[in-house]
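Here are a few notes to help you find your way around this model. Keep the structure open beside you and take the points in order.

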Amino acid sequence: MKAVIQRVLNSSVTVGGETVGKIEKGCLVLLGVMDGDTEKEAKLMADKVSSLRIFEDENEKMNLSVKDVDGEILVVSQFTLCADVHKGNRPSFTPSAAPETAKNLYIYFMEMLKENGIKKVEHGIFGADMKVSILNDGPCTILFNTDEWARGKKQ
C-alpha cells in the first residue's frame with residue numbers, strides 16, 4: 001500500500017462539479033492499494049498516518065500528530081500511485097489491486113482512521129474522475145510504502 005500524506009490548511013474533492021469531501025486543518029491522504037495488500041497493510045497504514053507527527057508544537061517543532069491537533073483527514077483513492085514506470089515511458093498499472101479489493105481496503109483504511117481517534121474522515125468517490133483542491137501547509141509531504149516497511153528498509 002502506498003500513500004502520499006500532505007499536511008493541509010484545507011482540502012476538498014469534487015466529482016462532476018459537486019463537492020463530495022472537504023476538510024479544514026489536517027491531512028490529505030492519496031491512497032494507492034497494491035496487488036497483494038490486505039487488511040494488515042491497511043491497518044498499519046492507518047496507524048502510521050494517525051500517529052505521524054507533522055504538526056508543530058508550541059516550540060514550532062513537528063511534534064504533534066493529526067490526532068493531537070484534532071485535525072481532519074481527506075482520503076482520495078489513487079491507483080496511479082501503484083504505477084510501474086521502470087520500462088518505457090507509459091506507466092503500467094498492473095501492480096495495483098483489482099478494483100473490488102482496492103475499494104474494500106480503501107473503506108477499511110478509513111474505518112481504521114476513525115478507530116484510531118480521527119473524528120472527521122472525509123473521502124472522494126472510489127474510481128471516479130475527481131478534482132482535488134489542496135492548500136498545502138508548509139508544504140509538508142510524506143511518502144509511505146508498506147512494502148518498504150515489510151522489507152525493513154528505512155523510509
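**Notes on a predicted model**

1. Let's begin with helix H1, bearing in mind that this is a predicted model. H1 covers residues 39–51, and at 1.5 Å a residue its 13 residues should span 18 Å. The C-alpha atoms at its ends are 18 Å apart, which agrees with that expectation.

2. Now look at which way H1 faces. Its buried residues are Glu41, Ala42, Met45, Ala46, Val49 and Ser50. Viewed down the helix axis, the buried residues of H1 fall within an arc of 160°, so they line one face of the helix. The general pattern behind this is that an α-helix has 3.6 residues a turn, so residues three or four places apart point the same way.

3. Next comes the nonpolar interior. The largest nonpolar core has 30 residues, and Val75 and Phe109 are those with the most contacts inside it. Strand S1 (2–15), S3, H1, S6, H2 and S8 each give two or more residues to this core. Which element supplies the largest share of this core? That is H2, with eight residues.

4. There is also a pocket to visit. The largest pocket has a volume of about 390 Å³. Of the 21 residues that line it, Ser77, Gln78, Phe79, Gly127 and Met130 are the closest to its centre. Two or more lining residues come from each of strand S3 (26–32), strand S6 (72–77), helix H2 (99–115) and strand S8 (131–145).

5. What is the lining of the largest pocket made of, in terms of nonpolar, polar and charged residues? It divides into 14 nonpolar residues, six polar ones and one charged residue.

6. Strand S8 deserves a second look for its backbone. Pro139 has its place in S8, and the peptide bond that leads from Gly138 to Pro139 is cis, with omega near -5°.

7. Two loop residues are worth checking for their phi values. Glu60 is not a glycine, yet it has a positive phi of about 60°. It sits in the loop between strand S4 (55–56) and strand S5 (62–64). Is Glu60 buried or exposed? Its relative accessibility is 61%, and because exposed means over 50%, Glu60 counts as exposed.

8. The other residue is Asp70, in the loop between S5 and S6. Asp70 also has a positive phi without being a glycine, here near 55°.

Conventions: Residues are numbered from 1 along each chain as its sequence is written. This is a predicted model: local features need pLDDT of at least 70, side-chain atom pairs count only at pLDDT 80 or more; totals for chains, interfaces and linings use all residues. Side-chain values use heavy atoms; hydrogens and water are left out. Helices (H or I, at least four residues) and strands (E, at least two) are DSSP runs, numbered from the N terminus. The expected span of a helix is 1.5 Å times one less than its number of residues. Buried means under 20% relative accessible area, exposed over 50%, partly exposed in between (1.4 Å probe, protein chains only). The arc is that of the directions from the helix axis to the C-beta atoms. On a 1 Å grid over the protein atoms alone, a cavity is a set of points where a 1.4 Å probe fits but cannot get out, and a pocket is an open set with protein on both sides within 12 Å along at least five of seven lines; lining residues have an atom within 4 Å of a point. Grid points are joined across faces, edges and corners, and a volume is the space filled by probe spheres set on the points. Ala, Val, Leu, Ile, Met, Phe, Trp, Tyr, Cys and Pro count as nonpolar, Asp, Glu, Lys and Arg as charged, and the others, Gly among them, as polar. A nonpolar core is a set of buried Ala, Val, Leu, Ile, Met, Phe, Trp, Tyr and Cys residues joined through side-chain atoms within 4.5 Å.
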